[in-house]
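Here's a quick walk through one model, helix by helix and charge by charge. Have the viewer open while you read.

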Amino acid sequence: MTNLTNQNHLEPIQQNQRIHFLDVLRGIAIQCIFMANIVYFSGLFFFSESYRDSAFVLPSDKILEFISFLLIDGKFYSIFSLLFGIGCFVQYHKLSSQNKPFAPFFARRMFWLLVFGLIHLIGFWLGDILTLYALLGFAIIPFINTSNKTLLTLASILILLPIINWFIISYFGINYPDFFHQKSIDSWQNYGYPQIEWQGKLWNDIEFELTNKNWSDFFKMNLGNSWTRLSMILQEGRVFKVFGIFLIGIWAGRQIMNENLLQNEILLKKIALYGLLFGLPMSGWRTYISFLGEQNQINSFLNTLSYALGTVPTALGYAALIALLFRKKPKLLMWIAPAGKMAFTNYILHTVFGITLFYGIGFGWAGKLGFTMLTLVAIAYFLLQVVFSTFYLCYFKYGPFEWLWRQLTYGKFLKIRKS
């Protein structure tokens with residue numbers, strides 16, 4: 001009876017209780033995630049260069065693609081994963097201070113995130129990350145009270161596990177993700193959609209999907225692609241990495257709430273310095289291999305190794321560097337905070353925008369733009385999202401999807417309009 005009473009009195013974190021830096025960091029992360037994802041929405045990697053509109057192909061494309069891969073790829077979804085872990089601890093801290101149970105609340109929160117994620121993944125886009133976050137969110141609950149030393153030790157092991165995963169798949173030949181890849185192939189074959197052969201393996205023809213103009217076919221193809229997403233996550237060992245960063249996020253959340261981490265300039269400088277000094281060279285090595293190296297088993301292993309060793313330190317270095325900048329000049333970055341407050345809504349709108357602009361069921365611009373133009377489009381769209389989020393939050397407490405998620409989690413109607 002006590003738990004039921006506590007549940008009925010659960011309330012979301014109020015606007016005046018928010019940690020503004022986390023909103024800023026979330027806003028930056030969501031933008032850079034879109035800059036990485038827009039190349040997949042646009043079909044840049046799936047169409048030949050001859051297919052592109054020459055007016056939108058610039059000499060800077062290759063250079064900018066190289067720089068983007070070096071500085072952005074993998075780093076900002078890692079920061080987003082870190083923020084997820086931090087948010088988990090912030091919720092725990094709030095509930096604990098009110099003597100309310102954390103596990104049932106967070107399980108409900110993850111259940112509804114899983115529902116949103118599955119709809120997004122199966123119905124609309126194979127690049128969905130919400131489903132993975134929700135499933136790992138359930139698994140993180142038992143670790144909320146784990147000691148700092150154990151959290152960081154487990155996180156380090158998990159972040160390195162993709163290397164072992166590579167050996168299992170590529171060296172010992174136990175390609176367990178291929179089971180799910182084949183289910184995707186079978187799904188497309190069942191509906192009679194075309195496929196292509198690449199590197200001796202059958203793949204769904206994404207070019208056909210992007211140029212398709214039929215909504216029914218769009219949903220059927222995306223249903224099949226959801227299996228490909230699962231295969232890709234297992235292939236690269238992302239489950240281990242993301243869960244490891246979640247654990248670092250719990251540690252970071254604990255330091256923020258209990259040890260005033262965001263004011264600890266010495267520690268932040270150390271994280272920024274060591275993270276970037278170690279992470280960026282490793283990321284540079286991976287970038288060189290990916291762009292200039294031969295496609296062979298040795299380079300495949302080196303790619304996995306450099307990704308495991310470079311991405312997370314770089315992401316942590318970025319986060320600490322942004323925290324230092326925010327500490328010195330908060331007004332310089334606060335304009336980004338509204339986009340971070342509405343990160344869930346803005347993430348879903350990325351899919352709406354990407355499908356509308358690039359897919360055949362939309363305006364059909366897939367394959368037409370070079371990398372420079374795609375980057376400019378992503379930046380321009382983010383600025384529009386900041387303006388929209390700022391204007392929207394003048395009148396409403398939460399973004400539309402944030403509000404719906406909160407209502408389902410708390411099991412009651414929440415007023416969305418500001419007084």
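What covers the buried residues of helix 17? The cover includes helix 2, helix 3, helix 15, helix 16 and helix 18. Keep in mind that this is a predicted model.

## Helix 17 and helix 2

Helix 17 runs over residues 371–392, and its end C-alpha atoms sit 31 Å apart, which agrees with the 32 Å its 22 residues should span. Its buried residues include Phe371, Leu374, Tyr381, Phe382 and Tyr392, but also polar ones such as Thr372, Gln385 and Ser389.

Helix 2, part of that cover, takes in residues 20–41 and reaches 31 Å from its first C-alpha to its last, close to the expected 32 Å. There's a bend of about 30 degrees at Met35, and just after the helix, Gly43 takes a positive phi of about 75 degrees. Because 19 of its 22 residues are buried, helix 2 is largely enclosed by the rest of the structure.

## Salt bridges

The structure holds eight salt bridges. One of them sits inside helix 2: Arg26 pairs with Asp23, with the closest N and O atoms 3.0 Å apart. The two are three residues apart, so about one helical turn separates them. Both Arg26 and Asp23 are buried.

Lys62 and Glu49 form another, at 3.4 Å between the closest N and O atoms. Here Lys62 belongs to helix 3 and Glu49 to the loop between helix 2 and helix 3, 13 residues apart. Both ends are exposed: Lys62 has a relative accessible area of 53%, and Glu49 comes in at 51%. Then there's Arg286 with Asp73, at 3.0 Å. Arg286 is in helix 12 and Asp73 in the loop between helix 3 and helix 4, so this pair ties together parts 213 residues apart in sequence. Arg286 counts as buried at 11%, while Asp73 is partly exposed at 21%. Elsewhere, Glu265, Lys269, Arg327 and Lys328 are linked in a salt-bridge network.

## A lysine without a partner

Which side chain of opposite charge is nearest to buried Lys241? That would be Glu236, but it is 6.9 Å away and Lys241 has no salt bridge. Lys241, which lies in helix 11, does make a side-chain polar contact of 3.2 Å with Tyr307. Beyond its sequence neighbours within four places, Lys241 is in contact with residues including Gly74, Tyr77, Leu158 and Thr311.

## Around Met110

Met110 lies in helix 5 and is buried, with a relative accessible area of 1%. Leaving aside neighbours within four places in sequence, its contacts include Phe84, Tyr133, Phe138 and Trp405.

Methods
Residues numbered from 1 in each chain as written. Predicted model: local features only at pLDDT ≥ 70, side-chain atom pairs only at ≥ 80, totals over all residues. Heavy atoms only, no water. Helix = DSSP H or I, 4+ residues; strand = E, 2+ residues; numbered from the N terminus. Expected span 1.5 Å × (residues − 1). Bend = angle between axes of the 7 residues up to and from the residue. Buried < 20%, exposed > 50% of the residue type's maximum accessible area, 1.4 Å probe, protein only. Lys, Arg positive; Asp, Glu negative; His and termini not counted. Salt bridge = Lys/Arg side-chain N within 4 Å of Asp/Glu carboxyl O. Polar contact = N/O pair within 3.5 Å; in protein donor to acceptor, adjacent residues only side chain to side chain. Contact = heavy atoms within 4.5 Å.
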